[in-house]
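Dear colleague,

Please find below the structure that I am handing over to you, together with its sequence. My notes on it come directly after.

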Amino acid sequence: MDVGFCLRSEAAGAMRTAMVSAENLQLTLKTELSQEEQALTHTNSSSPKETHKAGNEDLKEMLESNKESLKLEAMKRIVGLIAKGKNSSELFPAVVKNVASKNIELKKLVYVYLVRYAEEQQDLALLSISTFQRALKDPNQFIRASALRVLSSIRVPIIVPIMMLAIKEAAADLSPYVRKTSAHAIQKLYSLDPDQKEQLIEVIEKLLKDKSTLVAGSVVMAFEEVCPDRIDLIHKNYRKLCNLLVDVEEWGQVVIISMLTRYARTQFTSPWKEGAMFDENNEKAFYDSDSEEKKDQMEAKPYVMDPDHRLLLRNTKPLLQSRNTAVVMAVAQLYWHLAPKHEVSIVTKSLVRLLRSHREVQYIVLQNIATMSIQRKGMFEPFMKSFYVRSTDATHIKTLKLEILTNLANEANISTILREFQTYVKSQDKAFAAATIQAIGRCATNISEVTDTCLNGLVLLLSNRDETVVAESVVVIKKLLQTQPTQHSEIIKHMAKLFDNITVPMARASILWLMGEYCERVPKIAPDVLRKMAKTFTAEEDIVKLQTVNLAAKLYLTNSKQTKLLTQYILNLGKYDQNYDIRDRTRFIRQLIVPNEKSGALSKYARRILLAPKPAPVLESAFKDRDRFQLGTLSHSLNIKASGYQELSDWPAVAPDQSVRNVEVIEPVKSWELSAGKAKQPKSDDKFYSDDEDEKEEEGSDSSGSEDDSSSSSSEESGSESEEESSEESERTSSDSGKSSSSGSEGSSSESESKQKKKKKTKKAPQKKSKPTAADSDSDENGNGPVARASSSSAESSSGSETDSEDDSDSDAPAVPQKKSDVKSKPKVEVKSKKEVSLLDLDDFSPAPTNPPKSAVVPSSLLSDLEGLSLSNVSPAMQVTTPSFGPVKTYELLHHMTGKGLSAKYHFPRQPCLYQPSMVAVQVTLTNSSDHSVEEVHIGDRSPASLNIHCFNTIERLEPEASVTVSMGIDFSDSTQAANFQLCTKEDHFSVSIRPAVGELLMPSSMTEQDFCKEQGKLLGMNETSETITMATANTSSQAVSKQILSVANVGVVSSSQNNFHRFAGRTVSSGALVLVSLMLKESSSALLTINTEKSVMASMLLRDLKQALAQA
């Protein structure tokens, strides 16, 4: 055969294809040239083509020799050349002759070569069809698979029937490797001849039933390529695919997860409905029907998660620990699109872990996080520091992190974020600095408390040396001023003064637009700016010229006396401008504002057209609309629908029949499982039995099974009976031992139980193993019958989440045995009157006293002792002190009508919290207004679960008309967000909340006037909030000012040498951030109130409260 058949083009993927194929064939390629080959290559450096031919001739001779060893050496060299990207297509005739060789090693190498060049040399490859067909019967599985791979690579329509026959035979092969190859060949045949679709679907249906993990990924890929809409093929194989998922190769896992995501959206109802209940088996309703509480719960929450839906979520969760980033991303998008909202947060840590990978991976992961963070800020807020920008990050990574930080901004963390932004603005990366200023603008519009602070900061940036920063600041200020223009005429004047120094066209145009839009607020400055623009009109950029024409028109309508001639001059300049847009705009404006004979009726409405109020622009995230695409897809990354993208369907209103997923083989397994019910061993219906186990050990938790399922070990997921039996034995052992556990699910449930014990402050007596019902196990510590828990069931249903801290369970663990031993001899403390409150409580495991003294009863000697108490590492000049003024404001916590006779009020004593320095002290007065005693008053569940509260000890008994005052400590984390918790009695649970005034989050600090001014100088720009206020006449005296300010805020008075200056200092209780308040009195009852602190939100809220207090008589 002639070598003229060879094609000149080189395939870019030659090296990769050859190496992968060789690896599949378990070969080691020789990528280095031998000395002979190097000699052949370098014989004549002046004529490389002749050298190449000489080398190929040598290889041809070796291939045509009778010695197997020479042929093998030649093929190794050729595959080595392919791996290096060299074109070896002219050797095809010599190589194809050896396709029938009996040497297995040689035949493997020949097939590697043929897979690479069969598509290019189709005619020659066709001559060897019979050899390939014979090789399909070869006893070696690798030869059979290679033959099928080569056959499917010959893309000639005439051999389609032969390929179809070969695929069908390979699909029934005993070797899973050959069956996997047949699945790959299906896709090649479908792209060659789509008419074969029906026959190929039959093969896919057969391969989907395959139990081998090697085949699963490949056949699902073929399914996605050939018939992605044939959901009916998946029904019977759904559970098998879920159970095999953990053992499939990584890229197969990605394909299967993607397919199962689409499948689940068509087969299950939405778990996002309000008040949904997330249980694994709806048969639970039948078996729990004896319990009245659970009956009510089921009536209130009719939704029960399909067990197959739960199976998918449970079996994909372990893959979040995969080393492959694509697998982690696939699981994350599956949870985002399928999981109940309270379970989605488990993917957060895994996604944050991926940010340590290469920047390409970071880019995709950050894009997906940016989309997630818009809808669910709480997911990523605890990991906010992971999104701080590093100096080594590329610009596109920095911009995405900036986007996420802006999405996560709220009142609690805005101070921290703005401090970060202040650093970013100074970056040498101009594009990033500009993006930061845009982010500051978005924060200012989204969080009204920091709007003024951000505006002040942006105005300071106007004096920056960098033009890009100045220009971007002007543009953002323009947008912010549109939201409240009446208050900021000073800023517009300041920008007008800087106009001459600003050269960036967009910034100049923005200033001109502001001048025109609010020309009536700056009547003296706007005409002067127009005069300057008239001088430089011809040299300006087009966008600036257009805004100059607009400014001239608006001034003509509002101030024609001063600007008539200027306007005519500018319109004449624009009339002959080179740009046709400017000429067109000029003619239009002239006809609109200058009335003449030709003018139509439109000129009458010129003022209404040009000076119409314009809506303020909405600064939104660029990722706001990306959630219409599935996460992790190319379409989501590009924000445009890519070719081949399949949209996720909406959840069905009614779930399709779930029996279509039942397989006959599973039935005997189910019956065996039910017969083993006495041993209480979970398998696929883990939730069903886990409740009984929990009741046997400690408490009947209604929801811990949900978490148990999601963290079950892979041995329970595999589906084989032997593995299930071993899992049973291990779980039976853990059940017998009480609290010890050998699996993640047991550890999770014990952690949940210890958390519930801490919250309720009740101790369970040791229970017998044969407790028949949940009602029997829910008895109180003295065995007085069942404890009513219906009203708290919804709160307990979330106890399985991963937000509870391990420290809680660790600290409780050693105390449990002692509690149980003391529980029977523990007397009840009866409260007969206010004076007979017992301060003794035998529960030594909670350090809070039952009734600490009220602030009104604290002796003066103790107050003087507390004067020098320092709660933080501050300099001696700034000591924390007790307040010199302590007004007591009492707030209602629980009304006696709502509390069924139990009422509660609270106040802030403004004393340092004895339990923890970062906590705010709260005193609660409990009163029993009913005609019967109230037992076991204690603090129950709290929201959020991470809320740090020091609870008061359980009040065993509160007699009718009796009252008791108890002390609590709450860490509000320098936020005015309410602390929500449950106030529980033996029979009831009442949801209550304590919302602190911003002034109660401070503790007073004493310092000298000199130190005050020094610290104030460090807190300028975005850390300063000020406003001119009008004070009531009665409040202008020094004593009245101090009284009003101390009534609002727990701060210390700083002595001042000036009569018109009043200064106050304090620190935030939680973080110790300095808060400086200064009031400068002016004439006619006006004053300048300034607050300097890093906590911008607190400053805005404190300013509002102080302004209101000082204005009241």
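The notes that follow concern salt bridges, two residues in helices, and one pair of strands.

Please bear in mind throughout that this is a predicted model.

Salt bridges

Side chains of opposite charge can pair when their charged atoms come close. In this model the count of salt bridges comes to 36. Three individual pairs and one network are described here.

The first pair to mention is Asp138 with Lys107, whose side chains form a salt bridge with an N to O distance of 3.9 Å. Asp138 sits in the loop between helix 8 (129-135) and helix 9 (141-153), while Lys107 belongs to helix 6 (residues 104-117), so the bridge ties together parts that lie 31 residues apart in sequence. Both Asp138 and Lys107 are buried.

Next is the salt bridge between Asp500 and Lys532, where the closest N and O atoms are 3.1 Å apart. Asp500 is located in the loop between helix 28 (489-498) and helix 29 (505-517), and Lys532 in helix 30 (residues 525-536); the pair therefore ties together parts that are 32 residues apart in sequence. Asp500 has a relative accessibility of 46% and so counts as partly exposed. Lys532 also counts as partly exposed, at 28% relative accessibility.

Lys900 and Asp988 make a further salt bridge through their side chains, at 2.9 Å from N to O. This pair links distant parts of the chain, 88 residues apart: Lys900 is in the loop between strand 3 (891-894) and strand 4 (902-907), and Asp988 is in the loop between strand 10 (979-984) and strand 11 (989-994). With 53% relative accessibility, Lys900 counts as exposed, whereas Asp988 is buried, its relative accessible area being 18%.

Beyond these pairs, Arg239, Asp306, Asp308 and Arg661 are joined into one network by salt bridges that share partners.

The hairpin of strands 10 and 11

The loop that holds Asp988 lies between strand 10 and strand 11. These two strands form a hairpin, with four residues between them. Strand 10 and strand 11 run antiparallel and are joined by six bridges. Within this pairing, Cys984 stands opposite His989 of strand 11.

Two buried residues in helices

Gln362 is part of helix 21 (residues 359-375). Its relative accessible area is 11%, so Gln362 is buried. The side chain of Gln362 reaches the backbone oxygen of Leu355 at a distance of 3.5 Å. Not counting residues up to four places away in sequence, Gln362 touches Leu354, Leu355, Ser357, Asp393 and Ile397. Leu355 thus appears both as the residue whose backbone oxygen is reached and among the residues touched by Gln362.

Ile582 lies in helix 33 (residues 580-593). At 1% relative accessibility, Ile582 counts as buried. Leaving aside neighbours within four places in sequence, Ile582 is in contact with Asp542, Lys545, Leu546, Gly574 and Asp577. For one of these, Leu546, the C-alpha to C-alpha distance to Ile582 is 6.2 Å, although the two residues are 36 residues apart in sequence.

When you open the model, a convenient place to begin may be the salt bridge of Lys900 and Asp988, followed by the hairpin of strand 10 and strand 11.

With kind regards

Note on methods. Residues are numbered from 1 along each chain as its sequence is written. This is a predicted model: local features need pLDDT of at least 70, side-chain atom pairs count only at pLDDT 80 or more; totals for chains, interfaces and linings use all residues. Side-chain values use heavy atoms; hydrogens and water are left out. A salt bridge is a side-chain nitrogen of Lys or Arg within 4 Å of a carboxyl oxygen of Asp or Glu. Buried means under 20% relative accessible area, exposed over 50%, partly exposed in between (1.4 Å probe, protein chains only). A polar contact is a pair of N or O atoms within 3.5 Å; within protein, one must be able to donate a hydrogen and the other to accept it, and residues adjacent in sequence count only if both atoms are side-chain atoms. Contact means heavy atoms within 4.5 Å. Two strands pair if DSSP finds at least two bridges between them.
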